[in-house]
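Colleague: Mind if I quiz you on this one? I'd like to hear the reasoning behind the labels.

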Amino acid sequence: MIEITHTHADGTLVDGTERGDGTAPILKTHGFRWFPSIKQWGIRSSRDQAPRRLAINATAEALRAAGHQVTVTLENDVRDNATVRAATHERLEDRRTALDAKGQRLTAESNALHRYSDSLVEHIPLGQPVLPGKRGQAHRNTLERSVNAAIKGAQIARQAEAMPVRIAASHRAEARTERPDVVKRRVERMEADVRGIDRRLARLTPGPSLVREQYEGDRAVLLERIKGDQELLEQARAEGRFGQYSKDNVHKHDLVLIRGQWRTVARANAKTVSVTTGYSWTDKYGWEEIRSLRCAHVEDAEQPAAEAAES
């Protein structure tokens, strides 16, 4: 019995398959991939998403046509954003812990190779020449093994050095998803996606269908994500990290701090600010990207703190 399940916590997974039972080609054809860590087939990036009903239904029909018994269980209980963020953070921390352990393991392996390389030649007097022909063959072999071990140790050491860099990059990427300007753009994209789904739903013929269920599931997920991100924006607004700059207090020729650089305002628009580039064109940024303001009309009391944070 093969069971296809979907939950927002675990995503879409397949249970009951065995090596050589003929299910692998069918699952691959319909977008399933093998997850070695849990030893199961599943759909990538399906956690906290609506189930891909069309793909799951087509997979189940293909498996049944191949002689397998298949059951399908789909749950569509959308989890709130706080739960999703906590689960994502936990998974990222697990990956960082694994990367740290891998770095320590590679460092130990590199050190062992260097010690082995030194042990091969420590009994050979410094500067001793290699005899020609067969008499020096053993000497040459020893030197070659020593050099190869040292090279491999250096290569593994470089891999170990990359682990802290990857961990730091993971922390930066996670922190970036919580920045107000990033959250604002994400909300705008999701709101546009909801409007697109509404247009597609309006074009569907009345009555239940897998396509309608898919759209409605996707819409429910988007609405919950929008709600959670808007709460983040409201919190940032209350803390003075978002929404304090607009065309009402930013004027032409003011200086604004955007992405670590002070830029001169060319025009203040309803949703964006245009800044000079030193060329014939201007760049546009959302108001949420302004970190600080130098203005003759309005004093920015938080300017020193903002400059220090950016530096």
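Modeller: Sure. Start with S45, which sits in the loop between β4 (40-42) and α2. Keep in mind that this is a predicted model.

Colleague: What makes the phi of S45 worth pointing out?

Modeller: Phi of S45 is near 55 degrees, a positive value in a residue other than glycine. Most residues other than glycine have a negative phi.

Colleague: And why is S45 called exposed?

Modeller: The cut-off for exposed is over 50% relative accessible area. S45 has 71% relative accessibility, so it counts as exposed.

Colleague: Which other residue should I look at in the loop between β4 and α2?

Modeller: D48, which is placed in that loop too. Its phi is near 55 degrees, again a positive value in a non-glycine residue.

Colleague: Is D48 buried or exposed, and how do you know?

Modeller: Buried means under 20%. D48 has a relative accessible area of 5%, so it is buried.

Colleague: Let's go to the helices. Where is L201?

Modeller: L201 is in helix α5, which covers residues 180-203.

Colleague: Why is L201 called buried?

Modeller: Its relative accessibility is 15%, and because the limit is under 20%, L201 counts as buried.

Colleague: What is L201 in contact with, apart from its neighbours within four places in sequence?

Modeller: R212, Y215, E216 and R219. As for A24, 177 residues away along the chain, its C-alpha is separated from that of L201 by 34 Å.

Colleague: How do you know what span to expect for α5?

Modeller: At 1.5 Å a residue, its 24 residues should give 34 Å, and α5 reaches 35 Å from its first C-alpha to its last, which is close.

Colleague: Which other residues of α5 are buried, and what covers them?

Modeller: The buried set includes P180, V187, M190, V194 and I197 along with L201. The cover for the buried residues of α5 includes α4 (137-176), α6 (210-238) and β10 (290-294).

Colleague: How does the span of α6 compare with what is expected?

Modeller: α6 has 29 residues and reaches 42 Å, against an expected 42 Å at 1.5 Å a residue.

Colleague: What do the buried residues of α6 pack against?

Modeller: They pack against α2 (53-65), α3 (81-121) and α5. Among those buried residues are R212, V221, L222, R225, I226 and D229. Just after α6, G240 takes a positive phi of about 80 degrees.

Colleague: Now the whole chain. What does its radius of gyration look like beside that of a compact globule?

Modeller: A compact globule of 311 residues would have a radius of gyration near 19 Å, whereas the protein chain has 29 Å. The C-alpha trace spans about 85 × 70 × 35 Å along its principal axes.

Colleague: What share of the residues is buried?

Modeller: Buried residues make up 33% of the 311. The chain exposes about 19,300 Å², with carbon and sulfur atoms supplying 52% of it.

Colleague: How many helices and strands does the chain come to?

Modeller: There are 7 helices and 10 strands. Of the contacts with a separation of 6 or more, 58% are between residues 24 or more positions apart.

Colleague: And how many positive and negative side chains are there?

Modeller: 50 positive and 44 negative, with the centres of the two sets 7 Å apart.

Note on methods: Residues are numbered from 1 along each chain as its sequence is written. Side-chain values use heavy atoms; hydrogens and water are left out. Helices (H or I, at least four residues) and strands (E, at least two) are DSSP runs, numbered from the N terminus. The radius of gyration is taken over C-alpha atoms; the globule rule is 2.2 Å times the number of residues to the power 0.38. Buried means under 20% relative accessible area, exposed over 50%, partly exposed in between (1.4 Å probe, protein chains only). Contact means heavy atoms within 4.5 Å. Accessible areas come from the Shrake-Rupley method with a 1.4 Å probe; for residues, only the protein chains shown count as cover. Lys and Arg count as positive and Asp and Glu as negative; His and the chain ends are not counted. The place of a charge is taken as NZ of Lys, CZ of Arg, CG of Asp or CD of Glu. The expected span of a helix is 1.5 Å times one less than its number of residues.
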